[in-house]
Amino acid sequence: MLSLLSSLSPFSLPAQTYRYFEITSTGHTSQDMIVTATPLGGDVDLYMSVKNDFPFPDHERFEWSSTHLGTDSLVIAGEDPKICRHQQQQQQQGGCAYRVGVYGYIGGGFTLLARWNSSEPVPLTLGRPQSD
């Protein structure tokens, strides 16, 4: 799993498969979160959820999604009642995590960028968690 905030290195994804990433949060931010997947050949879709609600979001189970041809972006509003800030039980257990499912609609490469609206993007590296 990967955590906040971005991957400028491309990932590969075969068609009709998912790859999952994780964004950890202390849940105290009221900033918008922006998640963007840019295809490098092929087409990818984004499915996202709070980890405990849907641990592996997909086209049937998700809280937020973007399924456009080309680049897909999600803007999760800081006031959204489903965000970590409003998940009191998870906050009491030491934090909250979002799970991002990237679906290879048409296989190929992609980059993934996630950031809070007032922060600079931080590169994600496979296996190295980042947090807010």
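# Exercises on a sheet, its salt bridges and its rings

Strand E2 and strand E7 (residues 96-106) run antiparallel and are joined by 8 bridges. This is a predicted model, in which local features need pLDDT of at least 70, side-chain atom pairs count only at pLDDT 80 or more, and totals for chains, interfaces and linings use all residues. Residues are numbered from 1 along each chain as its sequence is written, and side-chain values use heavy atoms, with hydrogens and water left out.

## Exercise 1: the sheet

Task: Find the order of the 4 strands in the open sheet, and name its edge strands.

Solution:

Step 1. Start with the terms: strands are DSSP runs of E with at least two residues, numbered from the N terminus, and two strands pair if DSSP finds at least two bridges between them.

Step 2. Follow the pairing across the sheet: the order is E2-E7-E4-E5, with antiparallel pairing. As a reminder, strands of a sheet pair through backbone hydrogen bonds, either parallel or antiparallel.

Step 3. Look for strands that pair on one side only: these are the edge strands, E2 (18-25) and E5 (64-66).

Step 4. Zoom in on one bridge: serine 25 has cysteine 96, in E7, as its bridge partner.

## Exercise 2: the salt bridges

Task: Which residues are linked with Glu22 in a network of salt bridges?

Solution:

Step 1. Use the rule that a salt bridge is a side-chain nitrogen of Lys or Arg within 4 Å of a carboxyl oxygen of Asp or Glu. A search of the whole structure finds 3 of them.

Step 2. Take glutamate 22 and lysine 51: their closest N and O atoms are 3.2 Å apart. The pair links distant parts of the chain, with glutamate 22 in strand E2 and lysine 51 in the loop between strand E4 (43-50) and E5, 29 residues apart.

Step 3. Now add arginine 99, whose side chain meets that of glutamate 22 in a salt bridge (3.0 Å, N to O). Arginine 99 lies in strand E7 and glutamate 22 in strand E2, 77 residues apart.

Step 4. Put these together: Glu22, Lys51 and Arg99 are linked in a network.

## Exercise 3: buried or exposed?

Task: Sort the salt-bridge partners arginine 61 and aspartate 58 by accessibility, then do likewise for glutamate 22 and lysine 51.

Solution:

Step 1. Note the cut-offs: buried means under 20% relative accessible area, exposed over 50%, and partly exposed in between (1.4 Å probe, protein chains only).

Step 2. Arginine 61 and aspartate 58 form a salt bridge, with the closest N and O atoms 2.8 Å apart. Arginine 61 has 41% relative accessibility, so it counts as partly exposed. Aspartate 58 has a relative accessible area of 11%, so it is buried.

Step 3. Glutamate 22 counts as buried because its relative accessibility is 12%, and lysine 51 is partly exposed because its relative accessible area is 30%.

## Exercise 4: the rings

Task: How are the rings of tyrosine 47 and phenylalanine 62 arranged: stacked, edge-to-face or tilted?

Solution:

Step 1. Rings of Phe, Tyr and Trp (its six-membered ring) pair if their centres lie within 6.5 Å; planes under 30 degrees apart count as stacked, over 60 as edge-to-face and the rest as tilted. The count comes to 9 aromatic pairs.

Step 2. The centres of these two rings are 5.6 Å apart and their planes are at 55°, so the pair is tilted.

Step 3. Widen the view: Tyr18, Tyr20, Tyr47, Phe56, Phe62 and Tyr103 form one aromatic cluster.
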